[in-house]
Amino acid sequence: MANDQTTSQDSAMDQPSRTDQLVFQDPVSRYPVIEPPEQQQSEPGLDADMYPHADIGEHSYRGTGRLTDRKALVTGGDSGIGAAVAVAFAREGADVAISYLPAEEEDAQRVISIIESCGRKAVALPGDLTDDAYTGEVAQQAAAALGGLDILVNNAGKQVAVESIEELSDEQVEETFKVNIQAMFRITRQAVKLMPAGSTIINTTSIQAYNPSPTLVDYASTKAAINTFTKGLAQQLAPRGIRVNAVAPGPIWTPLQPSHGQPIEALPDFGKQTPLGRAGQPTELAPAYVFLASSESSYVLGETLNVNGGTPSP
Ligand code: NAD
Ligand code: MG
């Protein structure tokens, strides 16, 4: 797969950054316009096998103590946006447990070692979010291993593009709803039993919630549900001092995309239609999650923070 183009795209992403997210810089050129060659991985896809590689902040996220001694569970924390969030949380001083599928162990171990290199505790919790036994116990497992739980990031997601509703199987619709939204209900139900006042919950939704692609009707429907879940639950948990918010990414270069998340021929132009003219990198999402997780956002509840390269959103 390697050719001149991917090699230069890769090196732009892999080299220790001269800058980090706190340096004054042009958002248009902070990252190169990537042109991912047509590629396909089987679901769930690995960060390790992406061309070009994605930036999860290993060399580009600088912490400033905003989550000191917090204890977080991040679902889908092995790769993409969840990995970038896990890395940023550790850089900000938090201990972090990550949930992911057993097939993603290679990506997960990379994130675990980055968290540990920050001097923080890292906990690996492999399992399948379609398994009720796992979603019923993963929050408790995280709390037991971390010595408590005060941040939950419901971030795992399944996205498989299908051209026609006639080809969209019941099985895919059910699995997408189970991973993207039902697991969120089940994990959150357990987590809030463990969370003290001051805790924060952040759900990953999507621009697809209000701007759905014709090939993603099942996925987009779950994201609209996540927005509504977030706004309702935020009101319910506010009196308990637990804040609930959401982040809505636009096109971000993660393993979700080349593992059937997009029609394969759409990959070379991925993200170019945004006002910034390029796809986002996972680490560009991390500051939104850090803000919503930390006490500095104490009066922000039921909000959806759009991080999408400039596409207008409601
Ligand atoms: P990703 O593939 O890196 O992360 C998704 C993760 O979900 C996987 O790593 C996997 O661990 C987890 N997952 C999927 N099915 C699972 C299952 N059955 N059991 C347990 N875990 C499972 O891709 P990403 O783009 O970083 O996705 C993170 C979130 O961001 C998702 O909710 C996705 O819908 C959302 N999102 C992504 C984009 C984008 O352009 N990449 C845009 C909007 C929203
Ligand atoms: Mg993954």
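This passage looks at a metal site and at a pair of helices in a predicted model.

A good place to begin is the magnesium ion (ligand 2), which is coordinated by Asp78 through OD, Ser79 through OG and Glu104 through OE, at 2.1 to 2.2 Å. Along the chain, these donors follow the spacing D-S-x24-E. Two of the residues link distant parts of the chain, as aspartate 78 and glutamate 104 are 26 residues apart. Aspartate 78 sits in the loop between strand 1 (71–75) and helix 2, while glutamate 104 belongs to the loop between strand 2 (95–100) and helix 3. Aspartate 78 has a relative accessible area of 2% and is therefore buried, the cut-off being under 20%. Glutamate 104 likewise counts as buried, because its relative accessibility is 7%.

The helices that follow these two loops can be viewed next. Helix 2 covers residues 80–91 and helix 3 covers residues 105–117; their axes come within 8 Å and cross at roughly 15°. Helix 2 is therefore roughly parallel to helix 3, since angles under 35 degrees count as such. The crossing of helix 2 and helix 3 is right-handed.

On the side of helix 2, the contact is made by Ala83, Ala86, Val87, Ala90 and Arg91. Their partners in helix 3 are Val111, Ile114 and Ile115. Sorted by character, the residues of this contact between helix 2 and helix 3 comprise seven nonpolar, no polar and one charged. The charged one is Arg91, a residue of helix 2.

Definitions and conventions: Residues are numbered from 1 along each chain as its sequence is written. Chains are lettered from A and ligands numbered from 1 in the order in which they are written. This is a predicted model: local features need pLDDT of at least 70, side-chain atom pairs count only at pLDDT 80 or more; totals for chains, interfaces and linings use all residues. Side-chain values use heavy atoms; hydrogens and water are left out. Axes are lines fitted to C-alpha atoms, for helices over the stretch in contact, and angles run from 0 to 180 degrees between N-to-C directions. Helices (H or I, at least four residues) and strands (E, at least two) are DSSP runs, numbered from the N terminus. Angles under 35 degrees count as roughly parallel, over 145 as roughly antiparallel, 65 to 115 as roughly perpendicular and the rest as oblique. A crossing is left-handed if the near helix is turned anticlockwise from the far one by less than a right angle, and right-handed if clockwise. Contact means heavy atoms within 4.5 Å. Donors are N, O and S atoms within 2.8 Å of the metal (3.2 Å for Na, K and Ca); water is not among the atoms, so sites may look incomplete. Buried means under 20% relative accessible area, exposed over 50%, partly exposed in between (1.4 Å probe, protein chains only).
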